[in-house]
Structures are given as structure tokens and as C-alpha cells.
Amino acid sequence: MTVPVMIADAHATNPPPTSRRSPPHHDRDGPANPHRAMDRAIPAIDANGNAKTEHVVIEEPLQITLDGHPISVVMRTPGHDEDLVRGFLITEGILSSLEAIRRIDLESKKNHALVFLSDETEIDLGKLTRHVFSASSCGICGKASIDAITNNFPPLEAPLRFPSSAILTAPDTLRAAQETFDTTGGLHAAALFDSDGRMLAVREDIGRHNAVDKLIGHALSDNIDPATTFLLVSGRISFEIMQKSLAAAIPLVAAISAPSSLAIDFAEKANQTLVAFLRPPKFNVYSGALK
């Protein structure tokens, strides 16, 4: 089914009531691994031949091991690794609940996440069809089949709708919270907002899908119900961003940049609202509807 694209302009609809809104509240608890920096200073030469110091994003592998069995190597930016592992296991359909996790050990070996499951949890490792390597720029590349992904999570029933006023204030709030991006210019960000436009949590990573996994992993472990929030990502919306948001039952996904055709197709099938080119006062609605 083809859904006509809606183009909204806040001047023609409802301008965001920013002057009356209370300051945004969001999670600012710092990296889950306090000893791991997300960026580092390196020497560089500018166009005029002058020496300078630049900060660049750190990219390192994280091997995720489930009860002694390696299941994936994720190229990520260190920090909030426990959130990343939790979110990855849920959004990839490996676990249905965080209650299955007994412990996550990030200290025994650098760049390794050792996940220990509860005694009651049984995992068929033979059905884990994701390849062991996942690139930071493209998480979908390692999937065995798109059909296998779309069959993992059912479409949303009666998803929550959000007012345009909440959507329109979100980009500025997200940008103000991108601390590591300010120094490096090289990180994606993802944040969850409530229906009043308040930011509840934000995560950054060199991979956009990793930022979403970190965010979802945090939300599910911190009593934030993703089904009552909308997701904003700082870049474009790919198929995998929609898939991961559906795994957490997030009803609306918005992006500063463009959506892919497959992301739109997935949103329609999943009964999710997809908003892109969110550049106040304008945005496009490609699937679903606003309140």
C-alpha cells in the first residue's frame, strides 16, 4: 500500500510552545565504562601546513559472547557498552526479555562482553543466523535474510500518536545533548522523547544502529516504556533502525535526514509512524500519522 507523503510546516499548523515548556530532562549518567573514553586527541596538519590537535571518535570491536558462545563482533564507540549489549540482544530477537540476563561482564577482557544467562533461559545457538561481524556503518549487512527479521516482531496494535509540537522541538534538544559530537563531529545520536517533547535519554555511537541499541538497552533497564515514546536519530532512517525500534515497540521514528525505501515499506507493514527531513518548521510524514 502506498501512503502519500505529508509535508508539514509549523507556520501553517501548530508552532511548538517552546517558551512555556519546562527544561528537558534526560539521562546524563556518563559512560557505562567510566575508564573508556569515546574520543582521543591526535596530531593533524591543516590546509595551510600548520600543526594542530584534533579529537577523533574511537572505534573498537566488541565481541559479544553468550554463555561462552561468541555470537557477534560489533564495531562501536566505547561507552555504555552494557546498554549496547542489552539492546542488541533484544533488537536482534536473541532474547525476548532482559530478565533472561543474569550478568554482563565487561571487565575480564578488554573489548569483550561476556553475557551469562539465567538458569531458566534456553537459547538455540544454531538459530542465530547473524554473521559474527557487524560493521559500524551497516548493521544490516550481516543478516542472513530480511524475511527472517520481519517475521521476528509483530506489527504494533493501536500505536500511540504524537503532536507535531513535540516532534518539532526535538531536533534542537537532541543537538544540545550531543556532547562528544561537539568535539569530534563524528558520532550519530539517538534519543527517546515523551509526548510532551521532553527528552528521556540519549546515546551516541559511531554506528547509528549501535546508538539505537544503546538507547533501547538503557530504556528497558531503567523503567522507560519505549511504547510511550518516540525515537529521533541524528542521521537517516534505514531498514534496521525501523526493525530495532519495532523490537522495542516504539510507535514513531523520526530523523533529521532521509528515509530509505525499505524503511518506509517496513514502517507501513509494522504500523509505525515514520517522520523524516525533520528540520523545523518542516518535516515529512512517510507512514502513519501524527496526533
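These are my notebook entries on a predicted model of one protein chain.

**Entry 1: the whole chain**

I began with the overall counts. The protein chain holds seven helices and 14 strands. I then looked up burial: 50% of the 291 residues are buried. For the accessible surface I got about 13700 Å², with 52% of that belonging to carbon and sulfur atoms. I also checked contacts with a separation of 6 or more. Residues 24 or more positions apart account for 56% of them.

**Entry 2: the largest nonpolar core**

Next I went to the largest nonpolar core, which has 31 residues. Which residues have the most contacts inside it? I listed Leu-231, Val-233, Ile-237, Met-242 and Leu-274. I then noted the elements that give two or more residues to this core. The helices are helix 5 (208-221), helix 6 (239-247) and helix 7 (261-270). The strands are strand 9 (188-193), strand 11 (230-233), strand 12 (252-255) and strand 13 (273-279).

I picked Leu-274 for a closer look. I left aside its neighbours within four places in sequence. Leu-274 is in contact with Ile-237, Met-242, Val-253 and Pro-259, among others. Its contacts also include Ala-263, Ile-264 and Ala-267. Asn-284, Val-285, Tyr-286 and Ser-287 are on the list too.

**Entry 3: helix 6**

I asked why helix 6 counts as largely enclosed by the rest of the structure. Nine of its nine residues are buried, so the label follows. I wrote down some of the buried names: Phe-239, Ile-241, Met-242 and Leu-246 are among them. Glu-240, Gln-243 and Lys-244 are also buried. Just after helix 6, I found Ala-249 with a positive phi of about 65°.

**Entry 4: strands 13 and 14**

I followed the chain on to strand 14 (residues 282-287). Five of its six residues are buried, so strand 14 is largely enclosed by the rest of the structure. A hairpin through two residues joins strand 13 to strand 14. The two strands run antiparallel, and four bridges join them. I noted one pair: Ala-276 has Asn-284 in strand 14 as its bridge partner. Asn-284 is also one of the contacts of Leu-274.

**Entry 5: strands 4 and 5**

Last, I looked at another hairpin. Strand 4 (residues 60-66) pairs with strand 5 in the antiparallel sense, over seven bridges. Two residues lie between the strands, and Asp-67 in the turn has a positive phi of about 45°. Gln-63 has Val-73 of strand 5 as its bridge partner. Is strand 5 (residues 69-76) mostly covered or mostly uncovered? I found strand 5 mostly covered, with six of its eight residues buried.

Definitions and conventions. Residues numbered from 1 in each chain as written. Predicted model: local features only at pLDDT ≥ 70, side-chain atom pairs only at ≥ 80, totals over all residues. Heavy atoms only, no water. Core = buried A, V, L, I, M, F, W, Y, C linked by side-chain atoms within 4.5 Å. Buried < 20%, exposed > 50% of the residue type's maximum accessible area, 1.4 Å probe, protein only. Contact = heavy atoms within 4.5 Å. Pairing = 2+ DSSP bridges. Areas by Shrake-Rupley, 256 points an atom, 1.4 Å probe, with all protein chains shown as cover.
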